[in-house]
Structure formats: structure tokens, C-alpha cells
Amino acid sequence: MNNQIFDLLFELVNFFNDPKNDNILLKNLKIKESPNLMPIIMRIGKMGKTTVGQLARQLGKNHSSMSRQIDKFENAGLLISRESQEDMRVREISLSKTGQKIYQQILEEREKALNKAFANLEDDQLEQIKLSLELLVDSVNTAREE
């Protein structure tokens with residue numbers, strides 16, 4: 001059973017990590033495609049702010065590569081970076097107003113896509129999916145803490 005759950009999760013992760021899907025979404029929003037834009041914007045948008053090191057770990061990149069991507073998106077007006085007040089060696093990253101606007105547009109476009117994907121499901125089925133995902137997240141987070 002655990003292997004079947006893992007296989008299903010793997011399919012979902014692959015779907016959400018597939019740059020092709022990101023590019024379609026960005027194209028629908030008339031935003032220039034960039035292979036690193038979606039993962040960076042979505043993580044920073046969800047967290048509010050983060051550091052270069054945290055982003056690098058989450059995305060499986062090295063610090064210098066991630067720093068270059070941050071610089072690129074900051075120069076494009078999508079991100080803001082500041083030295084951390086606790087440690088001046090650490091750069092804290094947040095979304096600029098333009099980045100926040102793009103983040104909101106992406107959320108709205110994803111909601112449309114999910115509404116289309118879930119159109120044939122009943123409300124009780126959607127609730128069951130939500131509850132199952134919450135249980136899964138809680139279980140994974142609990143196991144990580146031990």
C-alpha cells in the first residue's frame with residue numbers, strides 16, 4: 001500500500017514540477033516563460049519571505065546558482081532582497097508589488113485549471129480529497145519532526 005501511495009504522490013509531484021505545465025500557465029497569463037520563475041515565485045509567495053539558502057535547499061540548487069536567479073528576478077522587478085537584520089550575510093527575499101501581482105494571477109489561473117479538472121467531482125468527493133491531503137501532510141510533517 002505504501003508503494004502505491006508513493007507512486008500516486010510521485011505522479012502529482014511530477015505534474016506540478018513539469019515546466020511544460022508552468023509554461024502553459026505563464027503563456028495563458030501572457031508572462032514571459034522562464035524555467036525558474038514559477039518555483040521561485042510560488043515558494044516566496046506562499047512563505048511571504050525566505051532566504052537564498054532556504055530557496056536553494058527547497059529547489060535542489062546550489063547557493064550561488066540560486067543567488068544568480070534571485071538577482072535576475074530582482075533586476076526584472078519581481079523580487080526584493082534585503083540583508084537580514086539578524087545576520088548581515090543572509091539575504092531575505094520577498095515579492096515586489098509586481099511579483100505579488102504575478103503570484104496572485106498564477107493562483108487564480110491554477111484555481112481555474114483545478115476547477116476544470118475537478119468539474120466532474122461532487123462536493124463530498126472534493127472534501128474527502130482535502131481531508132486525505134491534510135492527513136497526509138500532517139503525517140509527513142510528524143514523521144519529519146521525530
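Here are a few short exercises, with worked solutions, on the pocket and the salt bridges of this predicted model.

**Exercise 1. Describe the lining of the largest pocket, starting from its volume and ending with its residue classes.**

Step 1: Start with the space itself. The volume of the largest pocket comes to about 2300 Å³.

Step 2: Now look at the walls. The lining is made up of 46 residues, and L12, V13, F15, F16 and R110 are the ones nearest the centre of the pocket.

Step 3: Ask where the walls come from. At least two lining residues each are supplied by α1 (2-17), α2 (19-28), α3 (37-47), α4 (52-59), α6 (97-117) and α7 (123-145). Helix α7 provides the largest share, with eleven residues.

Step 4: Sort the lining by class. You should get 28 nonpolar, eight polar and ten charged residues.

**Exercise 2. Work out which parts of the chain are linked by the salt bridge of E92 with K49.**

Step 1: Check the distance. The closest N and O atoms of E92 and K49 are 3.6 Å apart, and the cut-off for a salt bridge is 4 Å, so the pair counts.

Step 2: Place both residues. E92 sits in strand β3 (residues 91-95) and K49 in strand β1 (residues 49-51).

Step 3: Look at the sequence. The two are 43 residues apart, so this pair links distant parts of the chain.

**Exercise 3. Find what the R91 and E74 pair ties together, and say how exposed each partner is.**

Step 1: The side chains of R91 and E74 form a salt bridge, at 3.8 Å from N to O.

Step 2: R91 belongs to strand β3 and E74 to helix α5 (residues 63-75), so the bridge ties together parts 17 residues apart in sequence.

Step 3: Compare accessibility with the limits: partly exposed runs between 20% and 50%. R91, at 21% relative accessibility, is partly exposed, and E74 is partly exposed too, at 26%.

Step 4: Widen the view. D71 joins in as well, since a network of salt bridges links D71, E74 and R91.

**Exercise 4. Sort the partners of the K112 and E109 salt bridge into buried or exposed.**

Step 1: Confirm the contact. The closest N and O atoms of K112 and E109 lie 3.8 Å apart.

Step 2: Both residues are in helix α6, and because they are three residues apart, about one helical turn separates them.

Step 3: Read off the accessible areas. K112 has a relative accessible area of 53%, so it is exposed. E109 has 15%, so E109 is buried.

**Exercise 5. State how many salt bridges the model has by this rule.**

Solution: The count comes to eight, and the E92 and K49 pair is one of them.

Note on methods:
Residues are numbered from 1 along each chain as its sequence is written. This is a predicted model: local features need pLDDT of at least 70, side-chain atom pairs count only at pLDDT 80 or more; totals for chains, interfaces and linings use all residues. Side-chain values use heavy atoms; hydrogens and water are left out. On a 1 Å grid over the protein atoms alone, a cavity is a set of points where a 1.4 Å probe fits but cannot get out, and a pocket is an open set with protein on both sides within 12 Å along at least five of seven lines; lining residues have an atom within 4 Å of a point. Grid points are joined across faces, edges and corners, and a volume is the space filled by probe spheres set on the points. Helices (H or I, at least four residues) and strands (E, at least two) are DSSP runs, numbered from the N terminus. Ala, Val, Leu, Ile, Met, Phe, Trp, Tyr, Cys and Pro count as nonpolar, Asp, Glu, Lys and Arg as charged, and the others, Gly among them, as polar. Buried means under 20% relative accessible area, exposed over 50%, partly exposed in between (1.4 Å probe, protein chains only).
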